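Biologist: I am new to this structure. Please take me through one part of it closely: the place where the two chains meet.

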Amino acid sequence: MRRFFKHPESRWIAFLLCLGLVSWPFVGLSGANRPLFTYIFLFVAWGGAVVLSGLFSSGVDIEDK
Amino acid sequence: MISMTFILGVLLAYIALLYLCAFITEKWARSGTNLANNPLVYSLSLAVYCTSWTYYGSIEMAAKFGFLFMAVYIGATLSLIGAAPLLHRLVRMKRRYHITNIADLISVRYGRSELLGAMATMGAVVGLIPYIALQLKSILATSTLIAVTSNTQADQLLSKSLGPIFVGTLIAGTVLLGIRRLDPTERHPGLIITVAVENVVKLVAFLAAGGVIVFLLGGGLGATLHSAGEKFGTQIQYLGRTTTPELLKWLTYILLSGSAVLFLPRQFHVTVVENSDERHLKTASWLFPSYLVLINLFVLPVAVTGLLAQVPVSRADTYLLELPLKSGHPYLAVLIFLGGFSAAAGMVIVETMALSTMITHHLMMPLINRFRVLAFAKRHMLQMRWVAAGFVIVAGYHYTFTVGNSYALVSMGMISFAAVLQFAPATVGGLFWRKGNKAGAALGLTAGFAAWAYMLFIPAFIKGGHVESALLERGPFGLQLLRPESFLGLSGLDPLTHAAFWTLFFNVGFYMLGSLVFRTSAAEQLDADNIVGAQQGAALTASHSKELTIDRATKEQIVYRTFEQFLPPAKARELTDRAMALAGISSAPQLSALELVRLQDQAELVLAGSIGMAAAHVALRNAEFITSPEQKALSHAYGEMLAEIRLSPEEIRKKIDFFAERKEIFARQAADLQARLNQRDEENLIKTVELLNMNQQLKESLAALREAQERLLETSKFTALGEMAGGVAHEINTPLCAIQLIAEQLQTLLSDEKLDREMVAKLLGKIVELTGRIAAIIKGLRMFSRNAGMDPLQKESVAGILRSTLSFCEHKFKSEGIEVAVKYPDESIALDCRPTQISQVVLNLLNNARDAIMTLPERWIRVDVESGVDHVEVSVTDSGPGIDAMLRAKIFQPFFTTKPVGLGTGLGLSVSKGIIESHQGSLNLDTACGNTRFIIRLPRCGK
C-alpha cells in the first residue's frame with residue numbers, strides 16, 4: 001500500500017474515485033425522501049476523502065531548505 | 001434583548017484579545033519562539049477559506065439547494081488530494097523566487113512580465129472586491145440583527161456609525177497585522193496566530209449554535225432530516241436524485257472550489273507565502289479538510305429547522321442568529337455573532353493584505369517606473385501598500401452600499417470563485433508546460449476574464465436591477481446567439497456551469513493557441529526552463545569566469561542606488577550586502593561577466609521581496625546594471641561555453657529534459673527500494689525475534705542435554721564400577737581369607753599353647769598389612785564413585801594412579817586368564833590432574849581391552865609409561881588385532897559401541913577423550929601398532 005500512495009498516478013485514481021463517490025447520491029440513489037441517508041453517505045465519503053488526502057501527503061518527498 | 005453598546009463592547013474586547021495574541025506571538029517570535037511555526041496553527045490558518053459566506057451563506061444555500069453547499073468544501077478536499085504536489089512546488093518556488101502572490105507567480109513564470117502581473121491583479125481586484133463587500137455586509141447585517149438600538153444618544157450614534165467603525169477597524173487590523181513591514185515575503189506570525197484563533201472561534205460558535213438549534217429547538221438530527229425529506233423533498237433540489245444540469249452544477253461547484261482553495265489570493269498567501277516548513281503541508285492535508293467536514297455538519301439540519309419553524313427562506317442566511325434569539329438564547333447569539341465576525345474579519349484582512357501587495361507590485365510600480373513624475377513614490381512603498389489596503393476595504397464598503405442586497409452581492413461568492421478559476425490555466429500550464437509563453441498567458445487571461453465578465457459579472461448586475469436587462473434577454477445588438485447565459489446556443493445549463501465551461505474553453509484555448517503561434521523570447525524561455533524543469537542553473541559557471549575585468553565596488557554601488565530608490569538607506573545597505581553575499585562575491589575586488597549576471601539575479605530576487613519580481617527586473621534594467629561591453633563579454637563567455645560543449649541550446653534543453661526524467665525515474669526507484677528495504681527490515685526483525693526464541697529453546701535444550709550427559713557420565717562410571725565389582729570383591733576377599741587363615745592359625749597355636757611372642761608379632765603384622773590393603777581398595781572405590789568434575793587439579797604420581805586403578809581389576813583379569821603387565825614409572829613422574837578422572841579413563845581402557853580379548857586364545861594387556869621432557873604418555877595395549885579402519889573414525893563418538901546391546905553405553909571412549917582434553921592432553925588410537933593400542937598423552941607436572 002505504501003508504494004501505491006507514492007505513485008503520482010495513484011492520486012488521480014483516488015481523486016476520480018472520490019469524485020464519483022461524492023456525486024453518486026445525485027446519480028444513483030433515488031428517493032427525494034431520503035435526505036438522512038444521503039447526509040450520512042456524503043459525510044462518510046467525505047471523511048474517506050480526508051483520510052486519503054492524509055495518506056497521499058505522507059508519500060510526498062520533502063525538499064530540504 | 002442586547003444593546004448595541006454591549007455588542008460593540010464585546011466586539012472591541014474580542015478584537016483587543018486578538019491583537020494581544022498577535023502582539024505576544026510577534027514578541028516571542030523575535031526572541032526565537034515562533035508559535036505560528038507549527039503545523040497545527042498553519043493548518044488552522046488555512047480555514048480562512050471559510051468566510052461569512054460559509055458561516056451564514058451556506059445555510060441559505062442549503063435551504064434553497066439542499067446538499068449543493070457541500071460541493072464548495074468537498075471540492076477543496078478533493079483538490080488537496082489531486083494537487084498536493086502542486087502546493088509543494090509552489091512553496092519551493094516561493095523560497096527560490098521570493099514570490100508573494102499569485103500575480104507574482106504568473107509574472108515570474110512568463111519572463112517577469114509586468115503586463116501579466118497587472119492583468120492578474122486587475123482580475124483579482126474586480127473579482128474579489130464584491131466578495132469583500134459580502135463580508136462587510138454580513139458584519140453590518142448581523143450586528144443590527146442581534147442588537148436593539150435604543151433611543152439613547154449613544155446607541156443612535158453607534159448605529160449610524162457602524163459601517164465606518166467596522167471599515168476603520170478592518171483597515172487598522174490589516175495594517176497592524178499584515179502590512180507593518182515592507183518585505184511581504186517575511187512571514188507574519190501575529191497575523192497567522194490571529195487567523196488561527198478566529199478560525200477556532202468560528203468553528204466552536206458554529207458547532208454550539210448548530211447543536212442547540214438542531215437538538216434543542218429541532219427534534220434532533222435524524223428527525224430533522226427525516227422531516228426534510230417528507231416536507232421539502234420535492235421542493236428543494238439536491239435532496240435526492242437530480243437532473244443532468246443539476247449534476248453538472250454540482251460538478252462545477254467542485255471544480256470552482258477546487259481551484260479557489262489553490263488560487264484565491266488569501267489562500268495563496270496563507271498556504272504558500274506564510275509556509276515556514278514544507279512538512280506542515282502534510283499535516284494540513286488532513287487537518288484542514290477535517291475542519292471543513294466539522295463546520296458543515298449542522299448546515300443542512302439548521303436550514304431545515306429554520307424552514308420547519310416557518311421562518312421565510314428569504315431570511316435563511318440569518319437562521320443561525322434568528323433561531324437562538326427567538327428561542328431566548330441571547331448570549332449564544334452573541335457567541336454566534338463573534339464567530340461570524342471572525343469569519344468575515346479573517347477573510348477581509350488576509351485578502352486585503354494580499355490584494356494590496358498585488359496592487360502595489362503590479363499596478364502602481366509599473367506606473368512609477370514609467371512616469372518620472374511619480375518617482376518620489378518609490379520611497380513610500382509601505383505607505384502605498386497601506387493606501388491600497390484602504391482602497392480595497394473602502395471599495396468593498398462602497399460596493400455594499402451601491403449594490404446592496406441584490407443578486408449581484410449574494411451570488412458573488414461563486415462568481416468570485418469563477419474569476420479565480422481564470423488563473424488556473426496560466427498557472428498550472430506555466431508550471432508543467434514548457435511551451436506555455438507570455439503571449440499565450442496574456443491571451444488566455446484576457447479571454448477568460450472577458451468571458452467571465454460577460455457571462456457572470458455583468459449578468460449579476462442585470463439581475464440585481466442595476467443594468468438594463470436587454471443584453472441578458474436579447475443579446476448584444478439583438479444577436480440572440482451571443483446571449484450571456486446561452487452563448488452560441490448552449491442553453492439548459494445553470495449560468496455558473498455555462499460560464500465555467502465557456503471561460504475555461506476560451507482561456508485554455510487561447511493560452512495554448514497563443515503559446516504555439518507566438519515566439520518565446522530567450523529570457524522567457526530561460527525562466528520557463530528553470531521553473532518547469534526546476535533546474536538550479538548554476539553548473540556552467542566554473543571554468544568560464546576567469547577573466548576578472550569588472551569592478552565590484554562600482555556594481556555594488558549601482559545595486560545600492562537602485563535599492564535606495566525604494567527603501568530607506570539602512571535597509572538598502574542591508575539588502576545590498578545580502579545580495580552580494582548570496583551571489584558569493586562579497587570580498588572579490590574584480591568580477592567576471594558571469595559573476596556579474598549572478599549578482600544581477602540575486603539583486604533582483606532580494607528587491608522582489610519588496611516591490612515584486614517584475615518591478616525589480618525593470619528597476620535593475622533601468623539602472624543599466626550590465627553595460628554594453630559587459631554584455632559583449634557575457635555573450636563571448638556563453639559562446640565559448642556552447643562551443644565547448646558542442647551542443648545547440650535546443651539540444652541542451654533536450655538533454656536536461658532527458659536527465660531530469662532519468663533523475664525522476666531514479667528517485668522513484670530509490671523510493672521503491674527504500675520501501676522494500678523497510679519491508680525487509682520488518683521481516684528481518686520478525687525473523688530475529690523468532691531466532692531469539694529458538695536460541696532460547698536451544699539453550700534450554702543444551703542445558704537439558706548437559707544434564708543428561710552428566711547423568712550418563714555418572715552412569716558410565718558406575719557401569720565401569722559394575723564391570724569390576726567382581727574383581728574388587730575378589731581383591732577384598734583374598735586378604736580377608738588370608739586374615740581368616742591367620743586368625744585360625746593363631747587360635748590353633750593358642751589352644752596348643754605353642755604360641756610364642758615372635759610368631760604372634762609376625763602374624764599380627766601380616767594381618768595389619770592385609771587390612772591396610774583392604775582399606776586402600778575401599779578408599780579407591782570411594783574416590784572413584786564420587787563426582788570429581790569440580791575437584792581442583794592436584795599433583796599425583798603416575799605410578800600411584802596406575803596402582804590404584806589396577807587394584808580394582810588386576811586380580812579379576814588374572815583370574816580370567818588375562819596376563820596383565822604394568823611398567824610402573826618412577827615415583828617422581830607426576831601429573832597436575834584430577835586423579836579420580838585419570839583413573840576412570842585408565843579403567844575404561846582396561847575394561848575395553850578386557851572385553852575385546854576375552855574370546856581370543858592369546859589374552860594379555862600391557863600398560864606402559866613413557867616420559868618426555870614436558871609430557872607423559874600412558875599406553876594401554878591389548879592382544880587384539882587392532883580396530884577396523886571403517887570404525888576408527890566413530891569410536892570416539894558418543895553412544896557408539898561394538899558391544900552387544902545391553903553390555904555397553906557407548907560413552908566410555910567419548911567421555912574419556914573429554915576428560916583427557918580437559919587436562920590439555922589427548923587420547924588417540926595408535927593405528928601404526930599391530931595390536932590395539934590407546935595412548936594417553938598428558939602434560940607433566942609443572943610443565
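Modeller: What follows is a walk across the interface, with a short look at two loops afterwards. Keep in mind that this is a predicted model.

Start with who takes part. Chain B brings 51 residues to the contact, and chain A brings 43 residues. Next comes the area. About 4200 Å² is buried between chain B and chain A. Carbon and sulfur atoms give 68% of that area.

Now the polar side of the story. Eight residue pairs, both at pLDDT 80 or more, are in polar contact across the interface of chain B and chain A. The count of salt bridges across this interface is zero.

Turn to the side of chain B that touches chain A. Five helices of chain B each supply at least two residues there: α4 (71-97), α9 (221-232), α10 (244-263), α12 (280-295) and α29 (649-751). Of these, α4(B) gives the most, with 13 residues. By type, this side of chain B holds 26 nonpolar, 14 polar and 11 charged residues.

Now for the loops. His98(B) sits in the loop between α4 and α5 (102-109) of chain B. Its phi is positive, about 55 degrees, although His98(B) is not a glycine. Gln310(B) is another residue to find. Look in the loop between α13 (299-308) and α14 (319-326) of chain B. Gln310(B) is not a glycine either, and its phi is positive, near 60 degrees. The relative accessible area of Gln310(B) is 71%, so Gln310(B) counts as exposed, the cut-off being over 50%.

Definitions and conventions: Residues are numbered from 1 along each chain as its sequence is written. Chains are lettered from A and ligands numbered from 1 in the order in which they are written. This is a predicted model: local features need pLDDT of at least 70, side-chain atom pairs count only at pLDDT 80 or more; totals for chains, interfaces and linings use all residues. Side-chain values use heavy atoms; hydrogens and water are left out. Contact means heavy atoms within 4.5 Å. Buried area is the accessible area (1.4 Å probe) that two parts lose on being put together, summed over both. A salt bridge is a side-chain nitrogen of Lys or Arg within 4 Å of a carboxyl oxygen of Asp or Glu. A polar contact is a pair of N or O atoms within 3.5 Å; within protein, one must be able to donate a hydrogen and the other to accept it, and residues adjacent in sequence count only if both atoms are side-chain atoms. Helices (H or I, at least four residues) and strands (E, at least two) are DSSP runs, numbered from the N terminus. Ala, Val, Leu, Ile, Met, Phe, Trp, Tyr, Cys and Pro count as nonpolar, Asp, Glu, Lys and Arg as charged, and the others, Gly among them, as polar. Buried means under 20% relative accessible area, exposed over 50%, partly exposed in between (1.4 Å probe, protein chains only).
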